[in-house]
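Ready to get your bearings in a new protein chain? Grab a pencil and work through these exercises with the structure open beside you.

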Amino acid sequence: MQNIRCAVMKRRFLHTALLCLLPLVAWGQDFANMVATMTSKSLPLVNIEAVTGSVNSTSYEAGSITLSEYKDGTVETTTYNCQLKYRGNYALNLPKKSFNIKLVDDEGEKLDANLLGLRTDNTWILDAMGIDKLRMRNRVCFDIWNEFSPTSWSTSYGNRNGTVGTMVEVFINGDYAGIYCLTDKVNRQLLNLRRARVEDDGTVKVKGLLYKGVEWSALTTYDENASTNSVLWNAFELQHPEEYPSQQAWQPLINLIDFNVETDLDYFAAHYNEWYYVDNLVDYWVFLIAMGLTDMPYKNTFLSTPDINFEHRFMITPWDLDACLGRGWNGNVLPEFPAVSRIDMYAPYRRLKMENIDGFRMKLAQRWRHLIEHQLSPANLESHINTIAQRFVESGAWQREYERWKNTNIRIGANIDTEVQYVINWYIDNIAYASETIETWIGDYDPTITIITLTEIYNYLLGIDNTFYEKLDINKDGNITAADVTIAYNILLTEQKR
């Protein structure tokens with residue numbers, strides 16, 4: 001941990017030195033002048049053209065978007081017609097606005113395009129990152145999530161279960177607006193969800209489903225009188241098929257919540273893996289704890305299934321990952337580390353973890369151990385942060401962002417290394433804090449388990465040796481079952497890795 005802190009200090013000196021060497025560029029410089037002076041160090045530039053005062057948060061308005069990128073020694077510039085509106089909830093109150101953008105052709109029809117090499121689609125986000133003092137938390141978290149937690153089924157995008165994006169500098173009608181992140185969206189195409197089918201008689205057969213949490217929910221309660229003929233139902237929004245809100249479209253989510261709360265414990269334990277993808281559940285839990293994400297679940301969370309007619313298991317995809325890494329939903333510093341137990345109230349964790357079904361705590365602890373040494377290690381987080389920070393400084397974008405917003409409530413520090421150091425130190429300490437609790441879940445089990453123990457459990461289950469060995473009831477639920485086999489096997493794997 002001390003070596004990581006030393007590395008942060010070295011990079012802080014490097015960033016500071018670069019700031020001193022770079023020419024001061026006024027944030028007020030217009031789009032055309034910035035394009036004319038682009039170099040290999042420049043971030044891509046984006047100019048939004050729209051009627052002043054027409055853009056709002058409720059309806060899409062006509063406009064255009066121009067992207068300029070320095071590539072292979074030249075500047076490539078492309079302009080698209082688009083429809084755009086402001087996006088966000090709390091962020092709508094901030095002076096720097098985020099945008100939802102839909103590309104259209106000359107006739108106003110949907111247009112798919114590959115923007116800056118991200119992927120081909122017609123819907124895009126320009127994320128202002130206004131509350132984030134680092135202007136990259138959401139991007140860094142998604143990039144790391146994409147490294148270790150794929151979709152639970154095959155897709156055309158490498159089984160990616162999160163967004164990709166790139167940092168850009170945005171102008172609005174030619175005037176500088178600051179650092180943004182251009183990202184794709186979590187949608188039907190990304191997750192390979194099947195389209196609804198309109199039958200010959202005009203009825204609709206719903207197939208793939210995508211729900212987005214827009215308010216707080218524990219997936220345990222709902223208002224039975226809420227209308228299902230709307231894209232909004234209780235704490236969720238129907239993202240696919242959004243054009244067919246109906247009882248048919250919402251019933252699978254109702255069934256999921258009923259399963260979480262209406263079934264007895266034995267039935268739940270026997271069938272939960274028919275409703276959830278267990279590896280996905282484990283990854284999501286570890287991710288929330290490690291990153292200190294506080295504005296979820298199931299707000300800012302997607303639930304999806306590729307075709308409800310074949311199975312009703314739901315996968316989790318995270319969203320809006322800016323309330324993390326030591327700061328809350330409003331950008332303020334967290335007064336303490338988020339409690340490991342804070343997710344216990346949310347289904348299905350409140351049963352899986354609290355009742356330790358199938359040794360679920362062991363699964364969480366083992367995955368925790370592996371990830372904090374690899375994709376969720378402080379060194380990997382630091383590498384991601386410093387890669388983007390270096391581009392911010394070398395391009396001059398951080399200076400311009402600072403000058404543009406320094407007299408507002410979304411100001412950033414003049415030196416990016418102050419927040420970088422805070423984040424890395426916070427992350428190291430949060431990992432240590434959470435590990436104190438999580439490591440005890442491995443300690444709950446007999447560390448002397450050997451391959452002989454595993455053989456004894458098999459013999460008991462097969463009736464070869466009917467002697468009841470108390471030590472074989474590893475999860476202490478009063479029975480010797482296949483769950484004990486799984487836990488014993490996982491303990492052996494863990495010990496071999498240590």
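Below are four exercises on this predicted model, each with a worked solution.

**Exercise 1. Getting an overview**

Find how many helices and strands the chain has, and what share of the residues is buried.

*Solution.* Start with the secondary structure: the chain holds 14 helices and 16 strands. Next, look at burial: of the 498 residues, 53% are buried. Then check the outside, where the accessible surface is about 21900 Å² and carbon and sulfur atoms account for 49% of that. Finally, take the contacts between residues at least 6 apart in sequence: 68% of them link residues at least 24 apart.

**Exercise 2. Two helices meet**

Work out how H7 and H9 are oriented to each other: roughly parallel, roughly antiparallel, roughly perpendicular or oblique.

*Solution.* First find the two helices: H7 covers residues 278-291 and H9 covers residues 360-373. Their axes come within 9 Å and cross at roughly 60 degrees. Now use the cut-offs: under 35 degrees is roughly parallel, over 145 is roughly antiparallel, and 65 to 115 is roughly perpendicular. The angle fits none of these, so H7 and H9 are oblique to each other. As for handedness, H7 passes H9 in a right-handed crossing.

Which residues do the meeting? On the H7 side you'll find Val278, Val282, Asp283, Trp285, Val286, Ile289 and Ala290. On the H9 side they are Phe360, Lys363, Leu364, Arg367, Trp368 and Leu371. Sort the residues of this contact by type and you get ten nonpolar, three charged and no polar.

**Exercise 3. Hunting for cis peptide bonds**

Locate two cis peptide bonds, and say which loops Tyr298 and Pro348 lie in.

*Solution.* Begin with the usual case: most peptide bonds are trans. Now step to Pro297 and Tyr298, which are joined by a cis bond with omega about -10 degrees. Tyr298 sits in the loop between H7 and strand S15 (301-305). Then move on to Ala347 and Pro348, where the bond is cis too, with omega about 0 degrees. Pro348 belongs to the loop between strand S16 (315-318) and helix H8 (349-352).

**Exercise 4. Positive phi**

Asn300 and Leu325 have positive phi values; decide whether each one is buried or exposed.

*Solution.* Keep the background in mind: most residues other than glycine have a negative phi. Asn300, in the loop between H7 and S15, has a phi of about 55 degrees. Leu325, in the loop between S16 and H8, has a phi near 50 degrees. Buried means under 20% relative accessible area. Asn300 has 8%, so Asn300 is buried. Leu325 has 1%, so Leu325 counts as buried as well.

Methods:
Residues numbered from 1 in each chain as written. Predicted model: local features only at pLDDT ≥ 70, side-chain atom pairs only at ≥ 80, totals over all residues. Heavy atoms only, no water. Axes fitted to C-alpha atoms, helices over the stretch in contact; angles between N-to-C directions. Helix = DSSP H or I, 4+ residues; strand = E, 2+ residues; numbered from the N terminus. Left-handed = near helix turned anticlockwise from the far one by under 90°. Contact = heavy atoms within 4.5 Å. Nonpolar A, V, L, I, M, F, W, Y, C, P; charged D, E, K, R; others polar. Buried < 20%, exposed > 50% of the residue type's maximum accessible area, 1.4 Å probe, protein only. Areas by Shrake-Rupley, 256 points an atom, 1.4 Å probe, with all protein chains shown as cover.
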